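Reader: Hi! Could you walk me through this one?
Author: Happy to, here it is.

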Amino acid sequence: MKLGENAVCPMICDGHLCFIQKTFGEDFLSNICAEFPRRTYVVGDAVTRTLSLNCPIAAKIALIDNNSMQFQNVEIRTTRAGCFFYRAVSDVPTRKFLIPLQKIGIEILQNRKYTVNERLATLGIAMSMVDYQIENLSEEIIEEFAEKFRTQDFFGTMQNNFRILKFDKPDYLQMMFRLLDELFGTAIIYYSEEQRNFVQYIPQAFGVVEETSKSLEEGYRLYDENFAAYDEFVRKPYPQLMENYLAHSFFAGLYPCRLPGNLMFNYFLFAAIYKFFEFSLICMAGVLREKLTLDDILGLIGRFSFRIDHGALFQKVTLDYFQQLLSYPNELFNALIDFEN
């Protein structure tokens with residue numbers, strides 16, 4: 001079967017649903033399609049199994065829940081028919097510690113003592129602390145860190161850090177627009193319908209059309225207005241959405257061992273991709289406002305997840321861009337994390 005533009009299956013119809021399943025039923029699906037939206041990876045003697053958020057039903061089940069996302073440990077005695085095991089984790093030094101490191105990360109991302117942005121910042125600080133022990137890392141050392149991150153002293157230290165650290169809004173906006181340009185050529189000109197669907201709200205939210213420009217002050221004002229709409233029409237009605245999205249992305253993305261390199265290298269890639277998704281959602285909320293529906297949100301999540309699941313070039317461009325910024329980790333950290341929100 002010949003894939004369509006951007007390697008999209010020609011059987012995908014409106015709403016990103018499968019024409020074959022919708023018309024004839026699940027029994028007519030091939031094995032690989034019957035496996036979708038399940039995603040499975042082999043990690044040593046363990047297997048991680050998640051749902052792709054590219055499926056709108058899976059996204060709704062996984063993200064729209066007032067409870068923290070639950071992760072289950074089960075013993076698999078034999079492989080099952082129709083269960084496809086995707087590529088193993090890259091051969092990186094921390095690979096054998098992926099599961100315990102993920103438990104630390106998910107516990108931090110689900111800690112409601114902190115705001116979502118504070119959790120993201122805490123995750124980065126925790127990963128930097130573990131990195132210092134990277135040469136001597138063991139499950140015992142990881143558990144010691146896990147216990148430390150749960151203590152009131154660590155919480156107090158984080159609260160003090162948040163009072164000192166300051167979000168750099170100019171650098172943040174510059175970073176988001178430059179990444180947009182890296183990914184799609186320019187912030188205005190698109191090359192396919194899929195790209196228009198994915199990023200159309202960003203220039204609209206900032207009132208940008210071809211051959212026009214805005215002052216920095218106007219850009220900051222518009223960002224604040226868009227963020228207020230995001231707070232009103234996304235965060236308030238769906239307070240659990242971003243927490244669940246972060247936890248799912250961390251686990252399903254095989255962070256903090258997704259790519260060769262230290263934990264902080266992986267952390268910055270994780271945080272940057274999440275922030276670009278959040279920026280797209282902020283802009284969509286700024287454009288649609290009270291007309292924004294849950295289906296709109298899930299649709300954006302699905303399109304973004306499709307880029308993450310299948311867009312090797314998307315990830316490479318993002319990675320190449322942020323590698324340039326890693327020479328200044330403190331500045332990058334302050335540009336990514338809004339400590340007041």
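Author: Let's begin with a term: patches are made of residues with over 30% relative accessible area and no salt bridge, with like charges joined within 9 Å and nonpolar side chains (Val, Leu, Ile, Met, Phe, Trp, Tyr) within 5 Å. A salt bridge is a side-chain nitrogen of Lys or Arg within 4 Å of a carboxyl oxygen of Asp or Glu. Accessible areas come from the Shrake-Rupley method with a 1.4 Å probe, and for residues only the protein chains shown count as cover.
Reader: Thanks! What are we looking at, and how are residues numbered?
Author: This is a predicted model, where local features need pLDDT of at least 70, side-chain atom pairs count only at pLDDT 80 or more, and totals for chains, interfaces and linings use all residues. Residues are numbered from 1 along each chain as its sequence is written, and side-chain values use heavy atoms, leaving out hydrogens and water.
Reader: Which residues form a nonpolar patch on the surface?
Author: F19, F24 and F28 do, with about 350 Å² of accessible area together.
Reader: Is F28 buried or exposed?
Author: F28 is exposed, because its relative accessible area is 57% (buried means under 20%, exposed over 50%, partly exposed in between; 1.4 Å probe, protein chains only).
Reader: Switching topic, what about T40?
Author: T40 is buried, at 0% relative accessible area. The side chains of T40 and R49 share a polar contact of 2.6 Å (a pair of N or O atoms within 3.5 Å; within protein, one must be able to donate a hydrogen and the other to accept it, and residues adjacent in sequence count only if both atoms are side-chain atoms).
Reader: And how far apart are the C-alpha atoms of T115 and F339?
Author: They are separated by 8.5 Å, though T115 and F339 are 224 residues apart along the chain. T115 is partly exposed, with a relative accessible area of 33%.
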